[in-house]
Every structure is written in structure tokens, then in C-alpha cells.
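Here are two short exercises to work through with the model open beside you. Try each task before you read its solution.

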There are 10 protein chains.
Amino acid sequence: MDKMRAMELVLEAKSMKGLTFSEIAEAVDRHTVWTTSALLGQQQMSMTEADAVVDLLGLDMDVARALQAPADKGSLDGPVPTDPLIHRFHEIVQVYGTTLRSVIQEEFGDGLMSSTDFRIDVERIADPAGDRVRVILDGRFEPYRKW
Amino acid sequence: MDKMRAMELVLEAKSMKGLTFSEIAEAVDRHTVWTTSALLGQQQMSMTEADAVVDLLGLDMDVARALQAPADKGSLDGPVPTDPLIHRFHEIVQVYGTTLRSVIQEEFGDGLMSSTDFRIDVERIADPAGDRVRVILDGRFEPYRKW
Amino acid sequence: MDKMRAMELVLEAKSMKGLTFSEIAEAVDRHTVWTTSALLGQQQMSMTEADAVVDLLGLDMDVARALQAPADKGSLDGPVPTDPLIHRFHEIVQVYGTTLRSVIQEEFGDGLMSSTDFRIDVERIADPAGDRVRVILDGRFEPYRKW
Amino acid sequence: MDKMRAMELVLEAKSMKGLTFSEIAEAVDRHTVWTTSALLGQQQMSMTEADAVVDLLGLDMDVARALQAPADKGSLDGPVPTDPLIHRFHEIVQVYGTTLRSVIQEEFGDGLMSSTDFRIDVERIADPAGDRVRVILDGRFEPYRKW
Amino acid sequence: MDKMRAMELVLEAKSMKGLTFSEIAEAVDRHTVWTTSALLGQQQMSMTEADAVVDLLGLDMDVARALQAPADKGSLDGPVPTDPLIHRFHEIVQVYGTTLRSVIQEEFGDGLMSSTDFRIDVERIADPAGDRVRVILDGRFEPYRKW
Amino acid sequence: MDKMRAMELVLEAKSMKGLTFSEIAEAVDRHTVWTTSALLGQQQMSMTEADAVVDLLGLDMDVARALQAPADKGSLDGPVPTDPLIHRFHEIVQVYGTTLRSVIQEEFGDGLMSSTDFRIDVERIADPAGDRVRVILDGRFEPYRKW
Amino acid sequence: MDKMRAMELVLEAKSMKGLTFSEIAEAVDRHTVWTTSALLGQQQMSMTEADAVVDLLGLDMDVARALQAPADKGSLDGPVPTDPLIHRFHEIVQVYGTTLRSVIQEEFGDGLMSSTDFRIDVERIADPAGDRVRVILDGRFEPYRKW
Amino acid sequence: MDKMRAMELVLEAKSMKGLTFSEIAEAVDRHTVWTTSALLGQQQMSMTEADAVVDLLGLDMDVARALQAPADKGSLDGPVPTDPLIHRFHEIVQVYGTTLRSVIQEEFGDGLMSSTDFRIDVERIADPAGDRVRVILDGRFEPYRKW
Amino acid sequence: MDKMRAMELVLEAKSMKGLTFSEIAEAVDRHTVWTTSALLGQQQMSMTEADAVVDLLGLDMDVARALQAPADKGSLDGPVPTDPLIHRFHEIVQVYGTTLRSVIQEEFGDGLMSSTDFRIDVERIADPAGDRVRVILDGRFEPYRKW
Amino acid sequence: MDKMRAMELVLEAKSMKGLTFSEIAEAVDRHTVWTTSALLGQQQMSMTEADAVVDLLGLDMDVARALQAPADKGSLDGPVPTDPLIHRFHEIVQVYGTTLRSVIQEEFGDGLMSSTDFRIDVERIADPAGDRVRVILDGRFEPYRKW
């Protein structure tokens, strides 16, 4: 079973049992964002993590094995997402890409933000003018080493 | 004068005078990220903001006018950035795009994070294992209205 | 069941029963355009709305569940539609894109038309020289906030 | 002189004189949207219309000649606009493309909305919850003729 | 049943019965080119036309229903056809595109050839130096209306 | 001087002198379509033809030499034209491509319409319901030779 | 049965019977290159040729019918082949494309090498420094006819 | 001076002096195809070869230096050539790509035709039915080495 | 059975039996990198090699036949890999492509590194600051031969 | 002055003075590969390094400033290089991409090879059967951190 099929079975069972990603994350003992990305085929779970998922959702061991398999990362159909929610993030990279490079280089020197020693947080900030989505990208700075 | 030419003159003067984006931002009385994106041609400055820039950098009024012109937003040459620093953000959208959609929809319902009522912050988090880059995307949640 | 399969079953049943999108929209108690886009997999129905659809069309609850699932929005195969009817709208964006930006910015300032607090209407205007299609796009203006 | 160069000179003069597109449109005696699209290189002006432009803006006859030249229509750099304001219209075509086809075909039969016997209107609708942008696309229905 | 599946069944039956497109067109009482394009999924047949097809070919009513369904027009896999016969037409648009625009604009003014009030004819012209293919594209001129 | 620069000079002089493509074609003693395509850089003129052009338009011998140079054929910026007039021809290839292949193959056997032993005619057909554009593509049939 | 499925069955049977393309070509009484391209779905066989194939390989008449069907020519997944052997030919077109045009035009005048009145030969040239692959492309010169 | 500028000067001088590629090749003492590709910027000439070119054409040493510079090989604007003469070669790769792979692998085993230990010949074969273009690609077979 | 299906069965059996690529490589008596690439469909195994695989993994002869079939090389979905591990190699080609050309040309002259008389090694270099991945690409230099 | 212009001046001076990249690298006191990539606009030099370059080559301080500017990394025109030498590296990523992922993941676990804490070496290995190019990519392993 490949990770995409496992994802379908997980989402179906999740919907049938009325569970949220946060509740599954709690069972897995990981952050909601990481757990969600693992269930969507973008991470490699440990055996304990995968077992927790299939136990909670009542799925069989084929799914658990797929969740532990290495990921072929990349969740989109093409370089420009068509879904508006995802597109906003693409748009931010398009509009602020050179800005982020300039600000990070000025503050840190030549290098970049790691996407492996990295985490994402999504927070809801209550606001009378409309609640806000806060997405926090947090990665170690990786300097370019000269040789 | 178009905004790209203004950007070149601004960067040249900034380099000659040894100023940082933060110092220009202070003169403009705006956040460093916003000011940088405006100098890189992605925002529309007010007259006061543009005047502060040309005063500080010793540039003429043509540059100020260009900084106040409407922006044709989009700072990259194509949909997939080749510069590694910028590419990491593209990669994050590729890998975590469906995750962000799932997590935001579960928390907020059908809608998305605004990219207009929106701000970006870049912070340096000191860490003995290597300082960390923290990029905070913060936008109002925009629910889909049915009709 | 995914939304694409649900769409196929809905269209098949609609054709068999000889119903129009407007008649389904009436049962759903929503506008024809919104209802059609929901049936074509681009919106997330409430339980009541989805139940109205499957009741009217004699479909089972799997379809109703799919209609309530979050949408991966985007109804076309690529960025440039080949179907001539849809292409005309793409052509309008190509030809009048910069015009719309200039006119909206001049009238409203820096910002854009929301596509979430948004509705579309399609009207038939009788005209002796040939009836006219009137498509009305109506979205809240979203100003860019500086920070 | 080509139409792109004419556009640059027009926009520069317009900015220097502090004129709006609406004021130029009044001088040209055409709708603001049509006039703007002509100034942005997407239409072919008559001699009277072009003369009114150069008179008002104090430009020379080369510009007038360019405004009367046939247009190589298409105002964007690629099929997917990067500017967020323009992108929202692309997004609407992506998300609602098949919906528009279904609704128009059901109402009118096999055919499409003309983009030549066609006009666009942009209106500002005052609204306490935030003013609204209303874009009205209005074209004759063109039925497919069988043979 | 979708139009692609109907096309497969039609072509299979046509081949089994040894019929030509012209013979089917005669039964449908339409031109060979229009009938062929309808059988290849690019047009919407009336009930009478579709019934004539399934009667002649011995197919069932599912096929007839599919032939009457609205078409998602576009018969190629991508913008540049690889099949040499079809590519020649693409090549003609590439090489003579600006020529056709110049000649049509000079003769007719600003506008274009309709592709809805339109027909195609294919004729065989006997020629001792090798018979010739004559493809006649014939559409109403559609002038751009100013507003 | 390259053919693109020659084209610009030719179009400028043509506009200044108020000549039509047909009038230039008469001087060249070739068909209007062929002459136009040669002036737009898509054909290789003979010395006599090129001389006739520069004589009529009052241009110098550099232009004549460029008109006689071999052409790098292809008049469009990309595979999908954005200009609506040219796009209609692209659309016809998209929608009727497989139809043309089927009809030509059935009539002629395996082969294709030559685009070298080939001519295009554009005719205006008066019609009370709106004059019609008739574009005639006429090429020798080239059978595939087996070996 | 479509030509792709026929190709799979042919290749499977060929492999099972341990036959080479040359041996099949001999049975078909055609050149190895032409026969191979026909078996790979790029040509239209006569009934005799197709019957020889299915007789030799022990396949049924469905395969023979598919081999006689018109081909939708084009054997690659995209414009740039990834397979290194095939890519070398693409590379040769990339590197020597303008050279081939210049040399052919200088020798023959304005025109091109036919790809229909055309044949390919592949020869093995023994060489102590490593045997050589010789691919011979041989097509009638097709002059551009002016009109 | 870069190789593209050198190419322009070479072609201009060649045209002025009425020389053919073959005559230049004779002066360079190399094959016409190789010499042409070197003049078109695709090869690296030796000092002797480059000197022979500038001597013959009366160009200065900057051109000679550019002809000796390493080449950034690739003579086309994109992966699919629009020029019909060059496109035929692309078409041949598209249609016969998998055929060439099958025939070469069957004859030689796993490997490919070198494009470095490689030569191209273009011959004119007189033929009463129309002279033929013969293009001979000749490269050492390079077997894949396992490890 | 095609090579992709064989790959799936091999990976499934490998996972079930808890074998590593190195262990399979040992049974095949080839390097781990070569063996892995063969199992992933990129090489052509000999009968002995393929038999060793199916013996070790308990698969049937269909798999062995597929492993011996010629490869349609190319393991990625598109030209820009989305998986971050693979993307780093693409990035290295993007950033260091012209550097590698300059350094190799200066050291070796005009030519390139063979990708057929070629091997890849992957080594783990222990390092207290974090172990290092060393990827060694090793191919015969192939000089361009002039003719 | 931008980095591309600086690169041109550096390459011109280097050619005039007959220096190699290795000799410049020695003056800069860095590895030849790193120095070359910096001169080709892909790295950010320190003041000392840049001064050494302009001293050696006799260039002015504008060039030195450009060499110290941050790089917009990416040395190629598109995702698929056309130059054969560079293309071989692209081909290696295409063919061995999934192999490298499998081998690295099996040896190191979930993670990737850093492209910042990274170096490239190019070595010439003498070999009687033809000298070999050895390219060594060496980067710290970066494990994915879960959260």
C-alpha cells in the first residue's frame, strides 16, 4: 500500500469517527501540524506513532506500514497551487520572496532558514475585527560555508 | 522612472552609505519587512514615506514618485525560485500546503488567511545549537461567504 | 468517496431526472451559481444543504458526505482553459487584467476585490440584437494594510 | 513608436498632471474602463479619441499614432498573473470556470459570452461592512451554429 | 457515461461496421466535419442527431445521452500537438498568426473571425502534381464594440 | 539588420505613407497574404521583390537585404497566442484538431497537408447577417511513404 | 483495443517468443525501423502487414485491427525526453538545429526536409575504437512555394 | 565580445562578401557542418581556425577570441522549435524516439549514441522525383557500464 | 509486467522481509547504488542478476523478466523535483552548473563527463559536527571530436 | 554594477591576462570550485577576497563591490539545461534521483544532504582508457526533526 492510499483510508476513518487532526495528534503524541503532514503523506512515522494512528482509527497494519515508509515529499499537483487557501502562501513567496532574502541576509549573513531542523505552528489569535491566522515558520539558520 | 529602476538606485545608494534596511525603516517609520518590500517594488509608499527614503539616501524626486506608484506585485522570475533561500519557502508550500489547508480549515472552517490584512515578521531567536530564523505570517481569517 | 466521484453521480442523476441546476438550487435554498459550484466540487456544503441534494436526486449518504467535505478548489485542467466558453473569461483577464488593476486602484486605493466575501451572478438580458450574458462579480474591497 | 512606449509616456504625463483615468475618459468621451484599456495598449483608438488624449496630456503626434495602431492584445507576462489583484480574477476563472459553463449552457444553450460585442463596468458599492467592488461583464450570447 | 467513453464505443462500432464519417453524417443529416467533431466529443448533438447515430451503429441509449451532453471542448493533450498532421495546423498559426491578424484587420477593421458562427469545410482538389487538401474556415466577422 | 528591425521600419514607413498591405503586394507582384507574411519576417523575398518594397516605401538597401535573408519562422511569443484574433485560430486547432485528422485520413489515407507547397487566402464574403471572414488553407496532400 | 494496448501485447509476445524486431520486420516485409515504429504505435499497417504480425506472434485479430488503425503520432511523454538515449537526439536538435537550417538552406534554397516522403536507417559501423551508430535521415526536399 | 555578437558580425560579413558556409569551411579546413555550427556559437575553435575565419571575412581579433571561447551550447529559444525546418527534426525525435531506442538497444545492447565522438553530414541526393536531403548522424556507441 | 509494477513488488517484498538495498546488492554481486537504481527501474539487469533478486525476495519470474527489460530511464515526475532530498541535487546543478562547466573545461578542454562510462558512490563520513553525505560522480571524460 | 556585469568584466580580464580559475583561486586563497562559482555570481565574497580578485585582474572597485553583494543564486536559464556538459548532471538527477533518496535514507534515516554546509571538488583521475572526471559532492547530513 502506498502513502496516498493510506491517506485516503485515514481521512475516511477520521471522518467516520468524527475525529479531528488535533485528537489524532494527541494520540500520536506529536504536534497537530506535524501529525497532519504525516497523515497526508509528507513525513515518515515511527512504528509507535503509526500504531497509535491505526489503533485510534481502527485501520489495519498495512496502513501502519505505509505511514512508516519514506515519503516522496510534495503535496501539490504543480508549482502554482490552484486552491485559494494554499495559493495565498504561494503568493506570499512570490511577493515577499526577495524581501525575505534581503531581511534574513542582513540579519544573519549569507545562508538560509533550514527546512529540516524546522517546525511550523498555526495559531488562532482572537481579534474583534476578525480572528487571525498566525503561521510561524521556525528553522535553524544555516550559514553557507566557504571552502 | 519605473519601480525596478528606483529599486536599483535605492540599493546602490544604500550600499554606498552603508545603511541597513532597518535604518531606512526607522526613517520611514514602518516595520523593516514592510519597508524592505516597498523598496523592492512590492508596495505603494505614501508621499511622506517616499520622501523619508529619498532624503535619507540623497536621491531625487523621480525615485520618490516611483516609490509612490502602484506596484505590479511579484518579485520572482518564475513560479519556482532558483535561489536556495527563497526556494526553501517554496518548498514549505509544496510540502506543507495541504497540511496548512487541513489545519486551518479544521480550526477556522471554510476560508483562508488574508494576504492583504496581513503582516510578516522575521525574528532571530538565539539558540546555542545555532540561532533560529522565525518567520511569522499573520493575516485575518477570511471565511467563504455562501450566497 | 471523493468530490469528483460525487460530482459524476450528481450530474448523472440530474440528467436522468431531467432537473436543472436552478431547481436543485431551490431545494438547497441557495443561489444557482453557488449551488452549481458546490455540486461541481468547489464548495463545502452544510449537512442540510447536502441532504437536500441527495434527497432530491435519490442518491445515498456517501454523496452527501462528499459534498460536505472540504474542497480542493480549482476546476480546470491547466492555467489556460481550452474550452472556448471558459477561455473567454481567461481572455478577459489576459486583455483587461492591467486595466482592472488600474481602475480599481484609482477608485479604491491599494487593495483588491475579495474572492471569499464574494458572489457571482449570471443574468440573461433580453436584447433584440441577441440576448446578452451578464456576469456580475461582487466582492468586498480588501485594502492592503501597512505595518 | 510602439504601443508600450506610448503607454509609458501617457502614464508619466498623467502622473505629472495629476489626472485620473476617469478624467481622461471624459475627454475621450468613452467609458473609463474602455479608455484605460486603450491607454494600456489593448484597444485601437480613433483619430478623434487619440487626439483628445494627446491634447489633454500635452504629448506629441507619435503617441497619437501609436494609440490608433492595431493592438497586439494581452496585458500580462504569462498565463498565471503574479499580481494579487489580477490573480483574484484568474482564481475566479479557475474555481468557477466549469460553474459558469454549466450555468450559461443551461440558461442559453450551447454557445458562449462574446468578448467582442462586450463591455466591462466597475462599480463601487458603498457598504458599512466595507465597500464592495462590482465588476460587470456583459457580452452578447453567441450560439454555436451547426452545419 | 462521459463523452470520451462514448467516442470510443462509436469508433469501435464504426470500424466494425466498416462505416465512414461521411456515411454517419448522412444519417445525422449534418456536414461530415461537424458530425465527426460531435462524435469526437466536441459538440452537443440534438436528440434526433444522437438517435440517428446509435441507430446506425447499433449502440445503446447511454451513448445517445452522452452525445447530447454539453461538451468540454478541446481535443488535444497539450498546446503543441505532437501528431504531424495536426501539428501542421499549429505551425500555420505560429508562422501566419500575425499575418492573418494584419490582413483581417486591414480588410475588416478591429475585430476577429467568430469561432461560433463558424463552419469548416475540407475539400479534395484533384491535381496532377498531387491532390490538394483545402480546408476552409468560414466565420462571421465580429467587430470590437467600443463603450 | 535583422528581419525584426526591418519589419519595424517597413510598418512605420507603410503607416507614414498610408499604404495598405494589398498595395505593397501589388508592387511586389505577389498575393497579399504572402507579401504580408514576408514583411512580417516569415518568408524570404527575392531581390526583385525586396527592391520593390524598399522602392515603394523609400527605405534603404539594408532593409532589402534583411527581407532577402532566410527567415527564422514563427511569429508568436509562445505556443498559446494571447491576442484574441490569433487565439481563435489556435482554438480551432484545439477543438477541431482530431476532427481534421479523422476527416483528412478518411478521404486521403495516411498523410498530411503540406505547409510548404501551400497557400493561404483570406476572403471577405458579404452577408446581410454580418460579413464573413473566409480563410482558405490549401496544401498538397503528402502521403506517408512506407519503407 | 487502442494502439497502446496492442503495443503492450506485441512486446510481451515478442519477449516470450524471443523474437527480434528484425525478425518481425522480415515477416512483415518492411524495414526494421519502419516495422518497429509501427509496432510502437506510430504508423498505420496494411491488413497484410498486420496479419503477418499477429500470425508470427500468435495474437488475435483485435491486435491486427489496432495495428491498422490511424496513429496518433508522438511516442514521448513530453517535449524534452528524459531517457538518455532518446535525449541525445533531442540534444542534437538543440545544438545543431540552426546549423542544419543554415546548411540545408544554403544547399537547397528555402524549404525543408520532408518527414512524410521520408525514411530512417540505423546502421552499425564496425570500428576498432568502438563500433559506431549511424542514423540516416533521408527525406525529399520540399521547397516553399510562393504565391 | 560574446559568441552571439561574433555570430552576428560573421553572418553580416559573410553576406556582404557573398561567401558560403562551405567556402568558409574550406578556409578553416573543417567540414561545412562543423564550421557552420562553430560560427553559430556551438563549438570552440582553435586559434588557427578562428584566425582563418577573421582573415577571410576581414573581421578583427575580438571576433577571433570569441570564436575560441567555450560555448554555452544550445541554439534554440525553447524545447519545441517553431521554425518548420528545425521542427521536422524535433518531430522525428517525437515520433521515432522510442523506435530509435528499441532498434539501437536490440542491435548494440544497453547504451547510446555518443554526441561528442560524433559527426553530422548533410548530403544532397539527386532524384528525379525531387532531390533528397540526407542527414547522417554518426556517433560511437557508448555502452552503459555496470558497477 | 512493466518495470514500475516490478519495482512495487520488489519494494513490498523487501519491506516484508526486512532487507536493505545493500543486502540485495550483495546477493546481486553489484554495488548498492547500481542495484538500487536497477530495482527502481533505471537499469537493465542480466538474467543472473535478476534471478538473484527474485530468489532472495521470493518473487516470480515475471518480475525477473521485467528487471531484464530495457529501461525507459528517468525516475522523476518533472524537471524540478519537489522532494527536498532530491531537490538539493537539482539545486546544486542550478547553482553550480556553469561553475562545473568552467572548471571541467579549463582542466580537460572541450568535452564532458560521460554518464554511461560512469558510476556513483555514496559514502558516510563520520564527523563530530554531524556525519556527512559524500556523493561521488565518476565518469570518463569525453572530448568533443571536431570533423 | 550587478553581479552579471561584474562576471563579464572578470571573464574578459581573465581571458586577456591568460589566467586560469585556479590561479585566481590561489590569489583569493579559496578552492578553485568555490572561487569560480563566486566569480560566476553564485557566492558572496568577503572584502579581502574581492580585493584580491580586482588586484590580480586590474579591475576597479565597482567590480569588487559587486563581488561582495549578496547573490541571487541560480546560474541557468531554465530548469532543463541545454548545454550538454551541464545537462549530464541534470540527467544524473533525473535518472538517479530516487536511487540517491533510497540509498541516503537507508544509510542515514529521514533527512538530506545539506547544500549550505557543503563543498564540491572536481578531480582529474588519470586512466589509460581515458582520463576520468570525478565530482565529489560533500554535505553534512541534515536529519528531519519531528515536533
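**Exercise 1: the interface of chains C and F**

Across the interface of chain C and chain F there are 2 salt bridges, a salt bridge being a Lys or Arg side-chain nitrogen within 4 Å of an Asp or Glu carboxyl oxygen. This is a predicted model, in which local features need pLDDT of at least 70, side-chain atom pairs count only at pLDDT 80 or more, and totals for chains, interfaces and linings use all residues. Residues are numbered from 1 along each chain as written, chains are lettered from A and ligands numbered from 1 in the order written, and side-chain values use heavy atoms without hydrogens or water.

Task: find the partner of Glu91(F) in a salt bridge, then describe the interface.

Solution.
1. Glu91(F) pairs with Arg88(C), with the closest N and O atoms 2.8 Å apart.
2. Contact (heavy atoms within 4.5 Å) links 8 residues of chain C with 8 residues of chain F.
3. The two chains bury about 640 Å², 57% of it on carbon and sulfur atoms; buried area is the accessible area (1.4 Å probe) lost on being put together, summed over both parts.
4. In chain C, Thr82(C), Arg88(C) and Glu91(C) lose the most area to chain F, together 50% of what that side buries.

**Exercise 2: the sheet**

Task: work out the strand order and say which strands stand at the edges.

Solution.
1. The open sheet has 4 strands, ordered β1(E)-β2(E)-β2(F)-β1(F), with antiparallel pairing. Strands are DSSP E runs of at least two residues, numbered from the N terminus, and two pair if DSSP finds at least two bridges between them.
2. β1 (111-125) of chain E and β1 (111-125) of chain F each have a single partner strand, so they stand at the edges.
3. Between β2 of chain E and β2 of chain F there are 9 bridges, and Arg140(E) has Arg132(F) as its bridge partner.
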